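Hi there,

Here is the structure I promised to pass on to you. Have a look at it first, and then read on for what turned up in it.

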Amino acid sequence: MEEIRLRKLEDLKSKGINPYPYKFEITSFIGDVRKKFEKDPPRGVKVVVRGKAKRVSRTEDGYMVRLSEDNVEILVYTKEENLKPGEEYTFEGTLDRVEGKLSVVDAVLSDKTPQSIVQIKAQYDFDPNREKVSLGGRLVALRTMGKAIFGHIQDLTGKIQIYLKKDIVGEEKFSFFNDYIDLGDIIGVKGELFRTNTGELTVEVHDFELLSKCLHPLPEKWHGLKDVEVRYRQRYLDLIANPEARRTFLLRSKLISEIRRFFDERGFVEVETPILQTVASGANAKPFITYHNYLEMNLYLRIAPELYLKRLIVGGFPRVYEIGKNFRNEGVDRTHNPEFTMIEFYAAYWDYNDLIKFTEEFFTHILQRTLGTLKIRYQGTELDFTPPFRKVRYFDLLKEKTGKDKDFFLKDFEGVRNLARELEIAHYEKLTHPKLIDKIFEKVAEEDLVQPTFVIDFPKILSPLAKTHREDPDLVERFELIVATYEVANAYTELNDPADQRERFLEQIKEKEMGDEEAMDMDEDFIRALEYGMPPTAGEGIGIDRLVMLLTDTDTIRDVILFPHLRPG
RNA sequence: GAGCCGGUAGCUCAGUCGGUAGAGCAACGGCCUUUUAAGCCGUGGGUCCCGGGUUCGAUCCCCGGCCGGCUCACCA
């Protein structure tokens, strides 16, 4: 097949036609055109429609019916079985726009009095008045009908039907299309907008141009691209073939701009700190090591920006944030990619109580702006982000689950180890005391935390950069926000006493010597920075990838990272 | 790192209790000027992931490898 397309390419060149021209003037993106003449129905509008089923197609979890009333069509998505093409049916369902087309979703058979499909459509799909447009896109569907050709071109913003009529484009152009344009090619079309008999917004093409040849066949139009390996390795194909992929990554982008807007509007300054670091500190994780030829030294890819951001607080930036990648040399699974995106932010004169309120505000803003709701479905469960979120203290939760109190966990090392053994925690005999507590908490507490929950007041020995709790020297002023059993945010009142910080680092070094590979490294310059005085400060990190997973109802981090790490194929 | 599962046409999949394989879409040739998973008639297309073994014969059985998925371990 590639050979045929290559031959067409050569033919074009020999005819003096450049198959890769320099420029095509477009009047707008495809989605803009659709937006102009198509209104989205408000959320949850119920309709009853009746018509003849022109086609019944199986979808992943039901059927799609093309329902026709006097030649005007509407798509109906239903789980009803045994529907037959040619029969008349009445459906009741919710009006929605699916890939640009007005559709009735979650439809069930009904015996109510139907509304007119024509009239329903008239409310949301408008007459384009022969508006002149010039659009570019990839040809993703093609239906040639002798002296007329229908097709769809697509860009990131949407899809639109094109209509070529021999009478209109002329004999020469028409056969040029037939002879040289293939499914997958990028083309530019100029023409006038109209609606077909069935009501679909369509470009009546007056002229067109090949903008780039596609030398490979596209994935299948109906099933899309399913092979996960190909979807990740050749993400461009995923983006061409699968609307969910486009939706996910558009939402990711929207999320990140909304995050920026949220922070910018609140006086935060966006900064960039080093990714190549000489000391990998600021988190409990194993770093990647790289080598600088000129300096003849190893460098680490950052595991966290924390210590640099706090240096900026020392330097007088009152509120800073950084959105960027962190790199952790650890296992890869459904919730971990070796490089992942976080936002970390720090606010002088705040403590962790301020951050709790701020975090609730953050989620409200983000959810409203991206999804327009505070209640989202995630893997079959409704998550309610209406503030205030549940708050529970670390040791209260442990006590509830194990019956053991703080003193037990912090003072009775042997007891904790025995408990770990009872809980069948792997390698319990090799774990250090803080690690054991951490593991037990993860095992007994986290898996029940589905609704957004702040776990507050962590043990000090787990938190070397957090400030000691004002009411309890064993604890720090720290919280994690857990949603759907995984950590989404981690925050604390920052430790700003340099002497205390030095002690904590020394404690980490001891942990490292006792076999904890993830214990933090001492950062002398960071301590020196604190010696110049850091105002009371609170800081937080939020994992962007996991946030996108929540917002897009995705259970694999690889589905929200454009190019996730894979072994070379 | 361990266990389980998978890799068949460009894509989505079926199949061979061991005799080198099939559908739909895509492609190619026809017909078709409002189609839309267009339709109708016809045609071509395969390293059945790779390497070894068993066998007269392996895509299928066995062993090893590569890549992926899931679970666990490691880890945010």
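Among contacts in chain A between residues at least 6 apart in sequence, 66% join residues at least 24 apart. Please keep in mind as you read that this is a predicted model. Chain A contains 17 helices and 25 strands, and buried residues account for 51% of its 569 residues. If you fit principal axes to the C-alpha trace of chain A, the trace spans about 85 × 65 × 45 Å along them.

**The eight-stranded sheet**

Let's begin with the strands. Eight of them form an open sheet, and going across it you meet β11-β15-β16-β25-β24-β23-β20-β19 in that order. The pairing in this sheet is mixed. Which strands are at the edges? They are β11 (269–270) and β19 (390–393), each of which pairs on one side only.

Try following a few neighbours across the sheet. Strand β15 (residues 319–327) runs antiparallel to strand β16 (residues 339–348), and nine bridges join the two. If you want a pair to find on screen, look for Lys 325, whose bridge partner in β16 is Thr 341.

Strand β24 has a partner on either side. With strand β23 (residues 478–483), β24 shares six bridges, and the two run antiparallel. One pair to look up here is Val 483 with its bridge partner in β24, Tyr 486. The two strands β23 and β24 make a hairpin with two residues between them, and in that turn Ala 484 has a positive phi of about 55°. With β25, strand β24 is joined by five bridges, and this pairing is antiparallel as well. There you can see Ala 491 standing opposite Glu 540 in β25.

Is β24 enclosed or open? Six of its eight residues are buried, so β24 is largely enclosed by the rest of the structure.

One helix belongs in this part of the picture too. Helix α9 (residues 306–314) lies across β15, β16, β24 (486–493) and β25 (537–543). Its direction is at about 25° to β16.

**The three-stranded sheet**

There is also an open sheet of three strands, in the order β12-β14-β13, with antiparallel pairing. Strands β12 and β13 stand at its edges with a single partner strand each, so one side of each has no neighbour in the sheet.

That leaves β14 as the strand to follow. Two bridges join strand β12 (residues 276–277) to strand β14 (residues 297–301), and Leu 276 stands opposite Leu 301 in β14. Strand β13 (residues 289–292) is joined to β14 by four bridges. Among the pairs here, Tyr 291 has Asn 298 of β14 as its bridge partner, and His 292 stands opposite Met 297 in β14. Strands β13 and β14 form a hairpin with four residues between the strands, where Glu 296 takes a positive phi near 50°.

**Two helices packed together**

Now for a pair of helices. Two packed helices are described by the angle between their axes and the distance between the axes. Helix α8 (residues 243–265) and helix α10 (residues 352–370) pack at an angle of about 135°, and their axes are 10 Å apart. Because of that angle, α8 counts as oblique to α10. The crossing of α8 past α10 is right-handed.

Which residues make this contact? From α8, they include Leu 251, Leu 255, Ile 259, Phe 262 and Phe 263. From α10, they include Phe 358, Phe 362, His 365, Ile 366 and Thr 370. Taken together, the residues of the contact of α8 with α10 divide into eight nonpolar, two polar and six charged.

**A covered helix**

Last on my list is helix α17 (residues 544–552). How many of its residues are buried? The count is nine of nine, and the helix is mostly covered. Among the buried residues in α17 are Ile 544, Leu 547, Val 548, Met 549, Leu 550 and Leu 551. The buried set also includes Asp 545, Arg 546 and Thr 552. Right after α17 comes Asp 553, whose phi is positive, near 55°.

Enjoy exploring, and write back with any questions!

Best wishes

Notes:
Residues are numbered from 1 along each chain as its sequence is written. Chains are lettered from A and ligands numbered from 1 in the order in which they are written. This is a predicted model: local features need pLDDT of at least 70, side-chain atom pairs count only at pLDDT 80 or more; totals for chains, interfaces and linings use all residues. Side-chain values use heavy atoms; hydrogens and water are left out. Buried means under 20% relative accessible area, exposed over 50%, partly exposed in between (1.4 Å probe, protein chains only). Axes are lines fitted to C-alpha atoms, for helices over the stretch in contact, and angles run from 0 to 180 degrees between N-to-C directions. Angles under 35 degrees count as roughly parallel, over 145 as roughly antiparallel, 65 to 115 as roughly perpendicular and the rest as oblique. A crossing is left-handed if the near helix is turned anticlockwise from the far one by less than a right angle, and right-handed if clockwise. Contact means heavy atoms within 4.5 Å. Ala, Val, Leu, Ile, Met, Phe, Trp, Tyr, Cys and Pro count as nonpolar, Asp, Glu, Lys and Arg as charged, and the others, Gly among them, as polar. Two strands pair if DSSP finds at least two bridges between them.
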